[in-house]
Amino acid sequence: MRPPHGLRHHRSIMSDTSFEHLSPEQFRAAGYALIDWLVDYRARVAELPVKSPLAPGDVRAQLPPAAPEQGTDFKAILEDVERIIVPGLMHWQSPNFFGYFPANASPPSILGDLLSSGLGVQGMLWLTSPACTELESHVLDWLVDALGLPQRFKTTTAGGGVIQDSASSATLCALLAARERIADYTVRQQGVPPGLVAYCSEETHSSLDKAVSIAGIGRAQLRKIATDERLAMRVDALAAAIAADRAAGLTPFFVCATIGTTSSLAIDPVREIAALCQAEGLWLHVDGAMAGSATLCPEYRHLNDGMEGVDSYCFNPHKWLLTNFDCDCFFVADREPLIRALTVLPEYLRNDATAGGEAIDYRDWQIPLGRRFRALKLWFVLRSYGLEALRSFIRQHLALAEEFAQWVTEDSRFELVAPRSLNLICFRLKGSDQENQRLLKRLNDSGRLFMSHTVIGGRYALRFCIGQTYTTREHVVEAWRLITAL
Ligand SMILES: Cc1ncc(COP(=O)(O)O)c(C=O)c1O
């Protein structure tokens, strides 16, 4: 006789009777319970303290020292999520989250990710799940048109798109492809030749420091180019640095430009940088991690100006496009250097589709071999909302940011530290850095909102980034009220 439905474990008929799976009915009930829990969590998340009040070690202190010998009811596990995990979370999905950059998730995306987990496929080769590869190629080709990117980023050309876990990985892959290309495809066999030099601006994300370390270029060979008054890379300084390095007998090979830097969303002049890189034979990678989503709106397409001259580009739907982490879209104008940098073909992966050369094997476009079916969540988001609604979503944040910047400018106690860019406002109290730090701490300790900080031109700045899934004008008004009250 079957055990009653519910959340107790089902003893399966196996030779080792201590081994248990959830029965299909128990799995279904637990799944419904989890979805119910998640829906309720998202409904009440605005009421929770955005920043966890816990101290280091508080979460672990509540966990048993050893893994349980006996299985536990799913209901009990879910109760511990509420009791132990929730208090230890920063609630990134709170509409009162204005820190860092957003990581906005949405119901279709959560369901797409759940489906990916449930299907449990490994998309390393076309053969190991044709749909995993082809949906990914197709959705990324859709995005090329939706974002107004150059056609040569489409998988139907010599280039193409792939989903990476993060922008950090995309940037590393771009660097590895560039390294292979400049060394005439000898690095794989011979190792990294000496004298390679990469360039970025003083404002470029730290993932490039990490990438040059990993790639054996070395941080001493990463030139941080000065920025102008808008914190954008100075092309004259870049040209001078390249010339100086050539004169010193070094080999410039890679530039990373950014559309929307992390500190202040500054926009590097991609068209001019691309022209220089083409003249000098350097690989140009463009990092549009967060700002890239804005180009869904035709009025922000100018951010892509010059993109037809770049070698690779990435942006993160897992920041501002309602797709939960992890989902970075990485495009290359020519897939050959990337594939030649990363391909390996051991006997056990050989198959007719790979040998035929018509199928894409995405294992060659990334660092790991295995890969999740991430395209599902992006597909769910695009289909469920449609581009029109996604544009409205972005525009709503842009309008709120404009309004917020206006409030800052009109309040004589505050000042903007950088011009507002898109959905990010960097501002400060007219006072000492310490006063600003104190204000930020009080705001975040209140639990009623979360903001982060940066330093711009040597000055401490508060960052207010509007991009959460459920943030409305009310939340922004309330945040400003709290900031000014404290
Ligand atoms: C401009 C920029 N590039 C790269 C990254 C790194 O993103 P990821 O976490 O996807 O590696 C960030 C993170 O905020 C960023 O702002």
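Start in the middle of this predicted model. Select Phe-98, Leu-175, Ala-198, Phe-253, Val-255, Ile-273 and Leu-284: within the largest nonpolar core, which has 123 residues, these touch the most other members. Now add helix α13, residues 375-410, which gives the most to this core, with 14 residues. Colour domain 1 (121-372) and domain 2 (380-485) separately, and you can follow the core into each; both give residues to it, so the core lies between them. As a rule of thumb, nonpolar side chains in soluble globular proteins tend to be buried together.

Stay with one of those core residues for a moment. Which residues does Val-255 touch, leaving out those up to four places away in sequence? Pick Tyr-199, Leu-238, Ile-273, Cys-277, Leu-282 and Leu-284, and you have the set. Ile-273 and Leu-284 should still be highlighted, since they were also in your opening selection.

Next stop, helix α8, residues 235-247. Try the distance tool between its end C-alpha atoms: they are 18 Å apart. At 1.5 Å a residue, the expected span for its 13 residues is 18 Å too, so the two values agree. Step just past α8 and click on Gly-249, which takes a positive phi of about 85°.

Now zoom out to the two domains. The protein is divided into domain 1 (121-372) and domain 2 (380-485), and their centres, taken over C-alpha atoms, are 29 Å apart. Where they meet, 19 residues of domain 1 are in contact with 19 residues of domain 2. Show helix α4 (residues 130-146) here: with three residues, α4 supplies the largest share of the domain 1 side. Colour that side by residue class and you get 13 nonpolar residues, five polar and one charged.

Then go to the ligand. Which of the 15 residues around the ligand come nearest? Select Ser-166, Ser-168, His-205, Thr-262 and Ala-289. Bring in the whole shell, and by class there are nine polar, four nonpolar and two charged residues.

Last stop, Pro-194. Look for it in the loop between α6 (187-190) and β4 (196-201). Is Pro-194 buried or exposed? Count the C-beta atoms inside 10 Å: there are 9 neighbours, and 12 or fewer makes a residue exposed, so Pro-194 counts as exposed. Before you close the viewer, select Ile-217 as well. Pro-194 and Ile-217 are 23 residues apart in sequence, and their C-alpha atoms are 8.1 Å apart in space.

Technical notes:
Residues are numbered from 1 along each chain as its sequence is written. This is a predicted model: local features need pLDDT of at least 70, side-chain atom pairs count only at pLDDT 80 or more; totals for chains, interfaces and linings use all residues. A nonpolar core is a set of buried Ala, Val, Leu, Ile, Met, Phe, Trp, Tyr and Cys residues joined through C-beta atoms within 7 Å. A residue is buried if 20 or more other C-beta atoms lie within 10 Å of its own, exposed if 12 or fewer, and partly exposed in between; C-beta atoms are placed from the backbone. Helices (H or I, at least four residues) and strands (E, at least two) are DSSP runs, numbered from the N terminus. Domain bounds come from an automatic or database domain assignment. Two residues are in contact if their C-beta atoms, placed from the backbone, lie within 7 Å. The expected span of a helix is 1.5 Å times one less than its number of residues. Ala, Val, Leu, Ile, Met, Phe, Trp, Tyr, Cys and Pro count as nonpolar, Asp, Glu, Lys and Arg as charged, and the others, Gly among them, as polar. A residue is near a molecule or strand if its C-beta atom, placed from the backbone, lies within 6 Å of it.
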